[in-house]
Number of protein chains: 2
Amino acid sequence: MNTSLSIRHLRAFTEVACCGSFTQAASRLHLTQSSLTATVKQLEQSVGLTLFDRTTRRVLLTAQGEQFRPVAEKLISDFDTAIGDLQAIAGQQQGQVGIAASPSTISRLLPPVIDDYRQQFPEIAISLRDDSAGQIEQRVLDNDVDFGIGANHSANPELYYQPVLTDRYGVVVPEGHRFEGFESVQWQALIEEELLFLSADTGIRAQLNQFRQAGQLQLSDQKAILEVSNPAGIAALIRQRIGISVLPALASSTESFKALHFIPLVEPQMRREICLVSRKGRSLSPAASTLLSFVRQHFLTMRLPAYLESTAQPQHSNQDL
Amino acid sequence: MNTSLSIRHLRAFTEVACCGSFTQAASRLHLTQSSLTATVKQLEQSVGLTLFDRTTRRVLLTAQGEQFRPVAEKLISDFDTAIGDLQAIAGQQQGQVGIAASPSTISRLLPPVIDDYRQQFPEIAISLRDDSAGQIEQRVLDNDVDFGIGANHSANPELYYQPVLTDRYGVVVPEGHRFEGFESVQWQALIEEELLFLSADTGIRAQLNQFRQAGQLQLSDQKAILEVSNPAGIAALIRQRIGISVLPALASSTESFKALHFIPLVEPQMRREICLVSRKGRSLSPAASTLLSFVRQHFLTMRLPAYLESTAQPQHSNQDL
DNA sequence: TTCATTTATCGTATTTAACAATTAATTAAT
DNA sequence: ATTAATTAATTGTTAAATACGATAAATGAA
């Protein structure tokens, strides 16, 4: 079999073909002439063909050698570029990273991170997908993205959640609402208020339901629930004085909420952890790993929107997930 | 550098990717699992990238591994087919052979050889070029053909001449000529005859000139020489009774000479050796080497045209030329 | 938990490749 | 013709790469 043959033999062959001399080719390959001679002979014996006609004075390709030469050169070149491409990915001179996150994360938190990262790794393509909490997890599970940024929505055992920020729930009210100017609002004060909800599969709505089931929150069930699929829609409804809403601070910090007021809820204070979500047992690409570190680092040091706190976390390599 | 990487690493990679298991892949590669593990790890370290995410239960390609897999498979496949093609040539399952020979050799001697050879090696393409003696040598020197069949025209030191047949000169005369019915004709008897010559660069004409210069042949120089470039043309002129000609038996045995008579010349008997002409210091391709053997073998045993004799020659391999 | 299975690791043996020195062959120059 | 110079082939030895066997650690299932 040709199992014993290798790229090494092809390199030897092409170099001798190029130089027309074993001695010279050996020197260019940083080998001794004897070693090179042996390698070429090995190739010839394996294929059962004489590739060179040699005298001590001249080394010439046979007809078959001539025929094989461009083939061998292409094989070597293809091999080297394939390996080179891999190394470029490893060295982050190329590649791509995909992140799934909530719209507010993308618009409020990521821009400075991306800016910093792109300056350092301009050749890496970045794709940001805005998704709801459940979708973020699904995208990570499906390998649609390299990692996600979002709440620990389902505590999926296949996923690894690394908390980076603590977000805080509060009410969002329009100008002139009775809560305006309050330092804080108690959950109980929400009775009698018309509440606007985010659609069921969002993290916010899920947690609210959890509270209600635990009895910590008595809200009137009687009224028909009014739910909207995204925060910007809720903002518009609040501005129209249709009602008020309970939202995390981050979600209420986007442009859509400009003229509205966020007042933190107390008794109990309710928080949610924003995590870096990756798939257990799957390693990150070098580019993704670096970007993830950038995110964590920025979240630790950046100036955050009101009521968000970075979650202190020992900085360790992500290889040991 | 990736100098240490080899096709072996790619085979290991693709096999593990295919099997999804080191143990299974190792068995298919006839290796131990530990060895295969080491090889894959070596590949990963050389490119600086994790290609597989492994647990003891599952081996999955990373995104980069997934990306690399088809590339690696193509590299391996290209490599194997390239080597396979060489081996096929060596095994004479494919290839081509070119021979240069005189028209009479091609039409009178080669057909049964070619027929035999083609039955045994139907995949080898054969090209036959009819050339004059000088052209035959030139074609061999230029590597236009693998070998030639013809006279030792110029005794070129770059060429190796292997005699296989002895041809004999004689006069070719039309019906009713005064020589008709003779057993033989003396060279001296040619005085007074109108002689038709082959063009200067043909072997026949060259040898006639040689004789004349040596004084062994007194022909009238006075008459304007009438020369024709190929034997068929001479035959036509003889048939028109323009003159007669001195030709080797082989050349006068083709269809063109059907109604003409060949009478051997004596005092002296003049012969020419027909040789297999190959280039010194250049090895023959396996296909050419085999065909050359076929030619020699047939020439030794075949039923030859009149006045041709096979030149007994020890049969040795052509590798030691 | 325990069991079966699988990958990783470690030390050793074997195979392969590289080296240095020498031989044989070829060409050019004397 | 002889010599000198150059080059590929050969040989014996050393170093490195590769494979092996046994064992440990990890994982998922019974």
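## DNA strand D

How far is a sugar or linking oxygen of DNA strand D from a polar backbone atom of A:Thr56? In this predicted model, the separation between that backbone atom of A:Thr56 and the sugar or linking oxygen of DNA strand D is 2.8 Å. Two residues of chain B add further polar contacts to the strand: a polar backbone atom of B:Thr32 is placed 2.7 Å from a phosphate oxygen of DNA strand D, while the side chain of B:Thr56 brings an N or O atom to 2.7 Å from a sugar or linking oxygen.

Around DNA strand D there are 24 residues, of which A:Thr23, A:Gln33, A:Lys41, A:Arg54 and B:Thr32 come nearest. Of the atoms of DNA strand D that come within 4 Å of the protein, 70% belong to sugar and phosphate. At least two residues of this surface are supplied by each of α2 (22–28) and α3 (33–47) of chain A and α3 (33–47) of chain B. By residue class, the surface near DNA strand D comprises 15 polar, 6 charged and 3 nonpolar residues.

## DNA strand C

DNA strand C is surrounded by 23 residues, and the closest of these are A:Thr32, B:Phe22, B:Thr23, B:Lys41 and B:Arg54. Sugar and phosphate make up 74% of the atoms of DNA strand C that come within 4 Å of the protein. Phosphate oxygens of this strand take part in several polar contacts with chain B: one is 2.7 Å from a polar backbone atom of B:Phe22, a distance of 2.2 Å separates a phosphate oxygen from an N or O atom in the side chain of B:Thr23, and for the side chain of B:Arg54 the corresponding distance from an N or O atom is 2.5 Å.

Two or more residues of the surface near DNA strand C come from each of α3 of chain A, α2 (22–28) of chain B and α3 of chain B. The residues of this surface divide into 14 polar, 6 charged and 3 nonpolar.

## Helix α8 of chain A

Which residues of helix α8 (residues 231–239) of chain A are buried? They are A:Ile234, A:Ala235 and A:Ile238, and because the buried residues fall within an arc of 105 degrees when seen down the axis of α8(A), they line one face of the helix. The elements that cover these buried residues include β6 (159–173), β8 (195–198), β9 (226–228) and β10 (244–248), which belong to chain A.

At the N-terminal end of α8(A), A:Asn230 acts as a cap, with a side-chain oxygen 2.7 Å from the backbone nitrogen of A:Ala232. After the helix comes A:Arg241, which has a positive phi near 60 degrees.

## Cysteines

How many disulfides does the structure hold over all chains? There are 0 disulfides. Why is A:Cys18 not bonded to the closest cysteine sulfur? The closest cysteine sulfur to that of A:Cys18 is in A:Cys19, at 4.9 Å, which is too far for a bond, given that the cut-off for a disulfide is a pair of cysteine sulfur atoms within 2.5 Å. In chain B, B:Cys18 is likewise in no disulfide, and the nearest cysteine sulfur, that of B:Cys19, is 4.9 Å away.

As for accessibility, A:Cys18 has a relative value of 44% and therefore counts as partly exposed, and B:Cys18, at 44% relative accessibility, counts as partly exposed as well.

How values were computed. Residues numbered from 1 in each chain as written. Chains lettered and ligands numbered in written order. Predicted model: local features only at pLDDT ≥ 70, side-chain atom pairs only at ≥ 80, totals over all residues. Heavy atoms only, no water. Near = heavy atom within 4 Å. Polar contact = N/O pair within 3.5 Å; in protein donor to acceptor, adjacent residues only side chain to side chain. Helix = DSSP H or I, 4+ residues; strand = E, 2+ residues; numbered from the N terminus. Nonpolar A, V, L, I, M, F, W, Y, C, P; charged D, E, K, R; others polar. Buried < 20%, exposed > 50% of the residue type's maximum accessible area, 1.4 Å probe, protein only. Arc of directions from axis to C-beta. Contact = heavy atoms within 4.5 Å.
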